[in-house]
Amino acid sequence: MPLPPPANREPPHTRQIVCRGYRRADGLWDIDAHLRDTRDEPLQTFGRGEIPPGEPLHEMWMRLTVDDELTVIDLRASIEQAPYPACPHFPAERFEKLIGQRIAPGWTARVRLALGGVHGCTHLVELLGPLATTAIQTVYAWRGESLDGHQHQPPEDFIDSCHSLVADGEVAQRLWPGRGDDD
């Protein structure tokens, strides 16, 4: 384990998030996400009564459809399990606020502005972060490994998006020579 040895502890809660990117036959991209929370001990809830160990407290699915520029074309969600009676009745049409938005710097702030607080579901809003990251990884990898064998330039917002991709750093200079230079 790459982390230091832990203190003596017990695992009461497990959250699993699995995201998978798909290239569609029509040229769009589907990014599917599954969130599942389970407990290792019984949990008493207001809406469902006692939830036994291993049974999902939360089980939710989302599908984000984007184009090659990471513009949101569609967004769907399904709540299969939740602790409160109102959770499965979250109005899915609220996600329409994100259709036409591009996954780019500021995405998380735009999501929270459109769907934060009483206008959203905490878990589905949180799931949009890993969905966006998976979309970026899926689409940008495809761009870099295009069928014509040429090295493609990254989108403008890719360089300087983290410490490894700084414009004058080793990675950017090796993969995209001259890109990000001011001369």
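Let me start with a word I'll lean on: buried means under 20% relative accessible area, while exposed means over 50% and partly exposed is in between, using a 1.4 Å probe and protein chains only. Now, what we have here is a predicted model, where local features need pLDDT of at least 70, side-chain atom pairs count only at pLDDT 80 or more, and totals for chains, interfaces and linings use all residues. Residues are numbered from 1 along each chain as its sequence is written, and side-chain values use heavy atoms, with hydrogens and water left out.

So, Thr 138. With a relative accessible area of 18%, Thr 138 counts as buried. You'll find Thr 138 in helix 2, residues 122-144 (helices are DSSP runs of H or I, at least four residues, strands are runs of E, at least two, and both are numbered from the N terminus). What does Thr 138 touch, leaving aside its neighbours within four places in sequence? Gly 21, Trp 29 and Ile 31, where contact means heavy atoms within 4.5 Å. The side chain of Thr 138 also reaches the backbone oxygen of Thr 134, at 2.7 Å.

On to the strands, which pair if DSSP finds at least two bridges between them. Strand 2, residues 29-39, is mostly covered, with 10 of its 11 residues buried. Strand 1, residues 13-23, runs antiparallel to strand 2, and 11 bridges join them. That pair is a hairpin with 5 residues between the strands, and Gly 27 in the turn has a positive phi of about 90 degrees. Strand 2 also runs antiparallel to strand 5, through 10 bridges; Ala 33 has Met 62 in strand 5 as its bridge partner.

Methods
Polar contact = N/O pair within 3.5 Å; in protein donor to acceptor, adjacent residues only side chain to side chain.
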